[in-house]
Amino acid sequence: MDIEKESKRLSQNQYIDHFKKKHEATDMVTVYLSEEHELYNRGIYSVLVSLDNREKVLSRNDWSYQGCEGKPNTDVFYYEDNDEEIIEYLRFGNDEGMEPLIICHDGIELSQEFRLFHQLYYDKKSSNYFQIDDDGNETVIVYFSQNEVQIRLKELKQFLAIKEKYLLIQFDFKEYSKSLLEDVEAFQYINTDIHTTNLMIYGVHLGEMTFSFDNLKTFSRLLGKHLIEPYPKEQSNFGDYKIKKEKQYIDFIIGIDAFGRNEEFNANPSKLANFFGANSTAPNYLTPVCFRKKVLDKYYSEPSKYSVEESYLRAGDLWGIQIDNHHDDKVYVWLGDLGRDLSYEEQLYWRSFNIPPEGGMSKEFTQQQIMAVATDSENLTHKFKRQYKALQKISNDILGNYLLLPLVKDDKHYFDSLRIPANDEQKHFDEQILSLTKVLIDSLNEKYLNTFLNKEQLESVKGSITRLEATLATCNISNFEKYILFLKELQGLRSTGVAHRKGSGYQKITQKFDLENNNLQDVFSEIIKQAADFLEFLYEQVEQKNFIKKMELN
C-alpha cells in the first residue's frame, strides 16, 4: 500500500480546495450529496439562512441544520414578564429563519418554491429540471438524482437575492484507510486545525478506528460549512430587477434592384409603412420575405417543442408566426411579422435562409391573410394531414372505431414531422418513408378489421395490409386494388431500404417508384399524393356506410 498516497487522500485537501473554489455563474453547485462506500462516506446538505445569521452559523464547524429537519412543527415560548406559555407554529421546524432547499421525506425533493420561482419544468426521463426561454431553448437548471442534487449557480444566486438569504452548504466527508495512524501521521499533509475564512469554516480530524471493520484502521473527517452569497438585488436580473433590453431587429432581403443587387430593409415594425399613413417612404409591413424551405427543418426536427401547421408556426405557448408554407420549395413571411413575432436570435436563424422573392406568395395564403377567405391548401402535405384527421373523425363518429389507430404520444412525432423533404438527401427521404409507413400501415387497426372476417379468413390472412384487403373484399367495396398495391409497394420500400441494409430487393422496388430518373423530393411528392388519395378513398367508404352495411349482413 502506498502510505504517502493514503495520507494525501486522508488529508481531504482536494475537497477543501473544491469548497474554496470560486464558481462561475454557469457552474453546477452540489447542494445535496449522500454517498457511501467501504472507503468513504460523504454527505452534503444545504439550507437557506438569514443574512443576519452569518456570524452565528460560522462560529462552529459542526452542522447548524440536520437533513432530517425542516418539517413543520410547533414550539413553546414564554413571555418574560408573566411566564405565559405561547405555542407557535414553525413552518420549517426552527425559529432561526432557516429553510430547507432539498426536502428529505420519503426520498428527496426540490423545494417547490425554488421550482416555481424559476418556472422550472420537470423531465421524468432524466429527473432533471429545465428552464425554457422565449425561443423554446432548454437549459438544465437542476441535475437531480437520488444521491446528488446540483443547481446552476446563476439561478441559485438570483433566488437568494430576492429571498435575501445565504445558502449554507454543510459538508461531512469521512475517509477510511487500512493504513496505521502512526504511518499516515509521518507525512505532513494533514492539518487538523479549525480553519475560518470570510464565508467558510471547516476542520479535519484524523483518528484511529475504534472498531475493526474490513481491516480498516484509520479515518479522517472533514466537517464544515460555507456560505454562498446572493447577488445584490439590483444586479440579480430577475423580476422587477430584470435588465430591460431594447429589442433588436435585422435586415431581410425583400427584392432585387435594377442592377441585380439585393434590396434589404429592417424588420422593425415601427419603421415600416402601413395602411394608415405611417412611414410612407418605407416598405409596407405586409412586404413578402422569401426563405428556402429548409428553414423549417429545425422546427420539424423537434416536434415536442415546435408545431409546423398549415400557415402557422408555433413554439408551444411561447411564440407563433404566420407563414406561407404552401409552396414545395420555399416559405414566405410578412416582413413586419418577422420583427414582431420572432426574437433577435430567431431572426438571425431565418436570415441565413433568406433569398430574393421568387414567384410571390401562394393563392391560399393570400386569400386567408388579405381577403379573410377560408381556403384549403393544395400543398400535398397539408392535404394528406387534413384528410388523415377527417378520416379519424368520421371513423370514430360512424364506425365507433378507428381504421387507423391513433398514434401514441411517443409516435406522434412521425405524423407531426411528415413533409416533402426540403432537399434530395437519401437520409431525409428514408425518414419520411418511415414516418408514412408508421402512420398508414403500422397503424392499421387489425383488431377491428378482424371483426369483418370469418374464421377461415382469420387463419389464412396474415399482415395488416392483407387484412385490410380481405375486409374491403368481404364488404363488397370495389376499386380498392390500386390502393392495396400502393401500400404493399410502400411497405416494400420501407422494408428493403429503411429498416434494413439496401440490397437487391431495394433496387427492384426503386424501379417501381422510378427513383433512378427522378429526384427524391418528386418521388416522395407522388407517394404522399397517393397516400392522400388512399385516405380519401377510405373516408368515402366510411361516409357511405359501406363497412356498416356489411357488418349488418353478418
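A pocket here is an open set of grid points with protein on both sides within 12 Å along at least five of seven lines, and its lining residues have an atom within 4 Å of a point. The model you're looking at is predicted, so let's explore its hollows with that in mind.

**Exercise 1. Find the second largest pocket: how many residues line it, and which lie nearest its centre?**

Solution.
- Start with the wall: 24 residues line the second largest pocket.
- Now go to the middle. Asp123, Glu138, Ser304, Lys305 and Lys409 lie nearest the centre.
- Next, ask which elements build the wall. β8 (121–123), β9, β20 (312–315) and α12 (412–416) each supply at least two lining residues.
- Sort the lining by class and you get eight nonpolar, five polar and eleven charged residues.
- For volume, this pocket holds about 990 Å³ of space.

**Exercise 2. Describe the largest pocket: how much space lies in it, and what lines it?**

Solution.
- The space comes to about 1,300 Å³.
- Around that space sit 33 lining residues, with Ile132, Asp133, Asp134, Asn237 and Lys242 nearest the centre.
- Two or more residues of this lining come from each of β9 (128–132), α5 (153–163) and α9 (344–351).
- Splitting the lining by class gives 14 charged, ten polar and nine nonpolar residues.
- Did you spot β9? That strand gives residues to the largest pocket and also to the second largest one.

**Exercise 3. Turn to the closed spaces: how many cavities of 30 Å³ or more are there, and what surrounds the largest?**

Solution.
- The count is three cavities of 30 Å³ or more.
- About 130 Å³ of space lies in the largest cavity.
- Its lining has 13 residues, and Lys293, Tyr300, Thr381, Arg419 and Ile420 are the closest to its centre.
- Helices α7 (297–300) and α11 (380–399) each give two or more residues to this lining.
- By class, the lining holds five polar, four nonpolar and four charged residues.

**Exercise 4. Which residues line the second largest cavity, and which helix gives the largest share?**

Solution.
- This cavity has a volume of about 40 Å³.
- Its lining is short enough to name in full: Asp297, Arg419, Pro421, Ala422, His428, Glu431 and Gln432.
- Helix α13 (residues 426–440) takes the largest share, with three residues.
- The classes here are three charged, two polar and two nonpolar.
- One name should ring a bell: Arg419 lines this cavity and is also among the residues closest to the centre of the largest cavity.

Technical notes. Residues are numbered from 1 along each chain as its sequence is written. This is a predicted model: local features need pLDDT of at least 70, side-chain atom pairs count only at pLDDT 80 or more; totals for chains, interfaces and linings use all residues. Side-chain values use heavy atoms; hydrogens and water are left out. On a 1 Å grid over the protein atoms alone, a cavity is a set of points where a 1.4 Å probe fits but cannot get out, and a pocket is an open set with protein on both sides within 12 Å along at least five of seven lines; lining residues have an atom within 4 Å of a point. Grid points are joined across faces, edges and corners, and a volume is the space filled by probe spheres set on the points. Helices (H or I, at least four residues) and strands (E, at least two) are DSSP runs, numbered from the N terminus. Ala, Val, Leu, Ile, Met, Phe, Trp, Tyr, Cys and Pro count as nonpolar, Asp, Glu, Lys and Arg as charged, and the others, Gly among them, as polar.
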